[in-house]
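This briefing covers strand pairing, salt bridges and a surface patch. Please read it alongside the sequence and the model.

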Amino acid sequence: MTDIQIGMREHTVTTFNPREGIYMVKSPICLDRTDNNIYTLRINEKSCSCDKWREYTLPYSHALAICRENGTRLDAYVSDIYWQETYKRTYQSNFYLVGFRVFGEMLRII
């Protein structure tokens, strides 16, 4: 089991507003120097007060705990930049070398 999976199992989830996707997660581990280990998640907005979701663009243990609690699929909260379809669309077009002129000659950057 990874550290994230272990941490996720130890989180306590409290639902504030399920329609709007607002939750409170209490973590046994404090991530900052304020001794504050209670985080507010807005799962529909893919945001958490710990800022790790914004930083990594992947749901972290706090969001994983909510998915575990609600029985929801995690892939609904993963940024589309990590999906294989997005990767394929990004690289499906042709790429051309860019050149520039130096002393009247065209140089290619490889």
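In this predicted model, strand 3 (residues 38–42) pairs with strand 4 in the antiparallel sense, over two bridges. Across that pairing, Arg42 stands opposite Ser47 in strand 4. The points below take the sheet, then the salt bridges, then the nonpolar patch.

**Sheet**

- The sheet is open, has four strands in the order 1-2-3-4, and is paired in the antiparallel sense.
- Its edges are strand 1 (12–17) and strand 4 (47–48), each of which pairs on one side only.
- Ser47, the residue opposite Arg42, therefore belongs to an edge strand, given that two strands count as paired only if DSSP finds at least two bridges between them.

**Salt bridges**

- The count of salt bridges comes to four; three of them, including their partners' exposure, are described here.
- Arg73 and Asp75 meet through their side chains in a salt bridge with an N to O distance of 2.4 Å.
- Arg73 counts as exposed because its relative accessibility is 59%, and the cut-off for exposed is over 50%.
- Asp75, at 27% relative accessibility, counts as partly exposed, because that value falls between the 20% and 50% limits.
- Asp51 forms a salt bridge with Arg54, and their closest N and O atoms are 3.3 Å apart.
- In this pair, Arg54 is exposed because its relative accessibility is 57%, whereas Asp51 is partly exposed because its value is 35%.
- Arg19 and Glu20 are joined by a side-chain salt bridge of 3.8 Å, N to O, which lies within the 4 Å cut-off.
- Arg19 has 71% relative accessibility and so counts as exposed, while Glu20 has 42% and so counts as partly exposed.

**Nonpolar surface patch**

- Tyr56, Leu58, Ile81 and Tyr82 make a nonpolar surface patch of about 390 Å².
- Tyr56, one of these patch residues, is placed in helix 2 (residues 52–56).
- Tyr56 is partly exposed because its relative accessibility is 42%, a value that meets the patch requirement of over 30%.
- Helix 2 (residues 52–56) also spans the position of Arg54, the salt-bridge partner of Asp51.

How values were computed:
Residues numbered from 1 in each chain as written. Predicted model: local features only at pLDDT ≥ 70, side-chain atom pairs only at ≥ 80, totals over all residues. Heavy atoms only, no water. Patch = residues over 30% accessible without salt bridge, like charges linked within 9 Å, V, L, I, M, F, W, Y side chains within 5 Å. Areas by Shrake-Rupley, 256 points an atom, 1.4 Å probe, with all protein chains shown as cover. Buried < 20%, exposed > 50% of the residue type's maximum accessible area, 1.4 Å probe, protein only.
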